[in-house]
Amino acid sequence: MKTSFFSGRRIEFITLTALFGLFVLFLYGPTITIGLLSFQGPNGGLTFPMNGWSLTWFRSLLEAQAVGDFAGAFKRSLGLALLVTVISTVISILAGFAFRRLFKGSNFLFALVLISMITPSILVSLGVGLMFDRLGLSPEWYSSALGAQLTWCLPFGVLVMFVVFNRFNRNLEAASFDMGASAWQTVRWVVLPSIFPSVIGIAMTSFTLSYDEFARTLMTSGSHNTLPLEIYGMTTNATTPALYALGTVTTLFSFILISFTMCLLVVIAKRRARREHA
């Protein structure tokens, strides 16, 4: 007697499985659609059906565009994301060390961190833009946009570091001091290696949040758009699938970056395991 696939399975499991499938489709469906349309033939349009298959629109990204500056916008977004990553990571580590002990004004500073997270992004962008205007300064991606994005990316790194140090085993530091290590040696050889995977996570989070940030960059990047702003501007006058090709390239770039980070964490974990067994 054949048994049905669903026999013995609870209705809750089937329902949750169906909902999860719909969620995955909703999450990745648009990305897959854009990826397919980016391979349109030379005479292809912005919608289905496909008019052949080619790499024409990927090659067009390397050429001068009639509308938009893809290469320049990508360089600016990449440079801004790297700046935000470095600054957020360093300050998050320092803040984590500082907040390990309560000090005067620590609660106030912690409240400021939370406020910057819940403040509407467009208001932050508007406020920074107005401040630069009042000061007679020209907003640029490396100044005003950098500050606006730090109000978004930095709090996440700080909160992660709070959690990391809250779970950190202080006995490791005590053992290091008992063996004659100085405070700096303890930080260098005990604390930092222990929290390094979390530091990588903070860097990745800061990079991804900055790389695709739109609202806080809208009024702070000046006359030179970052990639999200450039893509948004292209949606109103794009006439070729080159925009889809750009979206596919940036998505692949994100996946490659995430894969590299995961591989790096695996290598670090294996090295740590070898040292513990040595």
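Where does V187 lie? Select V187 to start: this residue lies in helix α8. The model on screen is predicted, with local features needing pLDDT of at least 70, side-chain atom pairs counting only at pLDDT 80 or more, and totals for chains, interfaces and linings using all residues. Residues are numbered from 1 along each chain as its sequence is written, and side-chain values use heavy atoms, with hydrogens and water left out.

**Around V187**

Stay on V187 and show its contacts, a contact being heavy atoms within 4.5 Å. Neighbours within four places in sequence aside, V187 touches F97, L192 and P193. Next, add E173: its C-alpha is 8.3 Å from that of V187, and the two are 14 residues apart in sequence.

**The whole chain**

Zoom out and colour by secondary structure. The chain has 11 helices and 0 strands; here helices (H or I, at least four residues) and strands (E, at least two) are DSSP runs, numbered from the N terminus. The radius of gyration is 24 Å, well over the 19 Å that the globule rule gives for 278 residues, so the chain is more spread out than a compact globule. That radius is taken over C-alpha atoms, and the rule is 2.2 Å times the number of residues to the power 0.38. Along the principal axes, the C-alpha atoms fill a box of roughly 80 × 75 × 40 Å.

Switch on the surface. Its accessible area is about 17500 Å², and 70% of this belongs to carbon and sulfur atoms; the areas come from the Shrake-Rupley method with a 1.4 Å probe, and for residues only the protein chains shown count as cover. Of the 278 residues, 34% count as buried. Buried means under 20% relative accessible area, exposed over 50%, and partly exposed in between (1.4 Å probe, protein chains only).

**The largest nonpolar core**

Select L61, F70, Y211, L227, A245 and L246. Of the 14 residues in the largest nonpolar core, these touch the most other members. Such a core is a set of buried Ala, Val, Leu, Ile, Met, Phe, Trp, Tyr and Cys residues joined through side-chain atoms within 4.5 Å. Which helices each supply at least two residues of this core? They are α2 (56–60), α3 (70–98), α8 (183–211), α10 (227–234) and α11 (242–277). Helix α11 gives the most, with 4 residues.

**Three loop positions**

Go to P49, in the loop between α1 (11–37) and α2. The peptide bond joining F48 and P49 is cis, with omega about 5°. Most peptide bonds are trans.

Move on to G105, in the loop between α3 and α4. At 35% relative accessibility, G105 is partly exposed. Add S206 and draw a C-alpha to C-alpha distance: G105 and S206 are 26 Å apart in space and 101 residues apart in sequence.

The last stop is T119, in the loop between α4 (106–118) and α5 (121–134). Is T119 buried or partly exposed? T119 is partly exposed, with a relative accessible area of 26%. Leaving aside neighbours within four places in sequence, T119 is in contact with V124 and R216. Finally, add S223: the C-alpha atoms of T119 and S223 are separated by 25 Å, with their positions 104 residues apart along the chain.
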